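Colleague: I would like a close look at one part of this model. Please take the parallel sheet and the helices against it, then follow the salt bridges outward.

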Amino acid sequence: MGAKSTFGLIIGNRGFFPDHLAKSGREEMIQVLSSAGIEVVVLNPEQSKHGAVETHEEAKRCAALFRAVSDRVDGVIVSLPNFGDERAIADTLRLASLNVPVLIQATPDTPSKMGIAHRRDSFCGKMSACNNLKQYGIPYSLTTLHTVSPNSEEFKKDLEWFAGVCRIVKGLKNLRIGAIGARPAAFNTVRYSEKLLEASGISVETLDLSEVLGRISRMKDTDEAAVRKLKSIEKYVTTSGIPQPALLKMAKLGAVVDDWMKVADVQISAVQCWTSLEENLGVVPCTVMSMMSDSLLSSACEVDVCGVLGMHALQLASGSPSALLDWNNNYGSDPDKAVCFHCSNLPKHFFKDVQMDFQAIIAGTVGKENTFGTCVGRVKSGPMTFARFSTDDFAGKIRGYVGAGRFTDDPLETFGGAGVVEIANMQKLLHYICENGFEHHVAANFSTVAPMLYEAATNYLGWEMYKHGA
């Protein structure tokens, strides 16, 4: 399930219904969550009847409990072992003011236990709880089935999905993105609005490329950080045939970027490459960026800030590295296949095998000797999720798309980092991208997390999303 989560747990109860179900339901849900490695914050039986929430006083106690650990709570599960008191549930969430995802679960009745002693009516109670949350303006998520047993495989999948939603929402809250260098003049496609991102709690910290080059020029070859980075590079990727001076330049670049990101407290980055670093430093930053992405510190080229935002969201959901790719070529006459490509800075996680080489596209312009540092190889096969975010200045909103496909083993002879991707109804997706003016870059991840990202973006971040294949 990725990083360990902490969930607040609200057990609904209503005196008209058998309250022993609240007691057993609480115990069952705690056991299920604990077995999944989730830390649970919940009232105990000394704080309320059966550790459930029914009255306004109990709602206040539960809210106070949640607020006391608000910095650790990733999400809240509302569990209805019987009908539950919808007002107390809504009051608890309003008073707690956590602003985290909420999952509503209702335990099913058993046909043979529909008498007054065991009847739950949570099927109906869930509708009342949702109605009140809607009135209170509190967003919430639903289990796949209307009623589902906490011990079922269906709820286990719901829990994995919800934990991913929580990781995305938490990870994008107060996010700081490093923009290193100016947008390349030839790439209007990567324009974006800092103000719209800031309105969603996402800040962009800028660093002029001249400052990076200045710090590199003042760094000695024997600098401890540079030596350490050089060893990391040589351990990370095969560097056979790469001149040692070029490797040392990469190491200094990596050391400077690492230090700045730590001081500026930025988690991910977008870097200018084309063609200032080649002309003024004599290397490409691809390997340095590949290493960051492979370490879950996503890094996108061409200062594509919205592109790295997509990479980061996918990484938060899956717990694995993301890459930024071009929707680059058709693959023969197959309408559901395309070539995804970059020069490349793809993380090592994406490759069947990889080695360092020179940047073949711009070598003819700036000279091969100034373009060493790319990570080249064939992208491995496997299921993938793709995503793109974009700031729409005209509409004043953040929008995007997300979907699933797979990288294939279809033959491909080319340079850089490339793979063949297959997506059902791909022509519909391509029409959507072009009709809505989306960028040519797309974030990709070896995972199946599209539903997590769609829920987090639409329900909790308020972004407009298209889910391909829905």
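Modeller: What follows starts at the sheet and then moves to the charged pairs. Keep in mind that this is a predicted model.

Start with the sheet. Four strands make it up, and it is open. Read across, the order is β7-β6-β8-β9. The pairing is parallel. The edges are β7, residues 203–207, and β9, residues 299–301. Each of these edge strands has a pairing partner on one side only. From one strand to the next, the twist averages 20°.

Now look at the pairing of β6 with β8. Strand β6 covers residues 176–180, and strand β8 covers 268–271. They pair in the parallel sense over 4 bridges. To find your place there, go to Ala-179: Ala-270 in β8 stands opposite.

Next, the helices. Helix α9, residues 244–264, packs on the sheet. Helix α9 touches β6, β7 and β8. Its direction makes about 140° with that of β6. Helix α11, residues 286–294, also packs on the sheet, where it touches β8 and β9. The direction of α11 makes about 145° with that of β9.

Helix α9 leads on to the charged pairs. Lys-252 in this helix forms a salt bridge with Asp-221, at 2.7 Å from N to O. Asp-221 sits in the loop between α7 (209–217) and α8 (224–236). The two residues are 31 apart, and the pair links distant parts of the chain. Their surroundings are worth checking. Lys-252 has 11% relative accessibility, so it counts as buried. Asp-221 is partly exposed, at 47%.

Then move away from the sheet. A search of the whole structure finds 20 salt bridges. One of them joins Glu-464 and Lys-397, with 2.4 Å from N to O. Glu-464 lies in strand β18 (464–467) and Lys-397 in strand β15 (397–407), so this pair ties together parts 67 residues apart in sequence. Glu-464 is partly exposed at 40%. Lys-397 is partly exposed too, at 30%. Elsewhere, salt bridges that share partners join Asp-304, Arg-388 and Glu-439 into one network.

Last, try Arg-87 and Asp-85. They form a salt bridge, with the closest N and O atoms 3.8 Å apart. Arg-87 counts as exposed because its relative accessibility is 55%, and exposed means over 50%. Asp-85 has 7%, so it counts as buried; the cut-off there is under 20%.

Notes. Residues are numbered from 1 along each chain as its sequence is written. This is a predicted model: local features need pLDDT of at least 70, side-chain atom pairs count only at pLDDT 80 or more; totals for chains, interfaces and linings use all residues. Side-chain values use heavy atoms; hydrogens and water are left out. Two strands pair if DSSP finds at least two bridges between them. Axes are lines fitted to C-alpha atoms, for helices over the stretch in contact, and angles run from 0 to 180 degrees between N-to-C directions. Contact means heavy atoms within 4.5 Å. A salt bridge is a side-chain nitrogen of Lys or Arg within 4 Å of a carboxyl oxygen of Asp or Glu. Buried means under 20% relative accessible area, exposed over 50%, partly exposed in between (1.4 Å probe, protein chains only).
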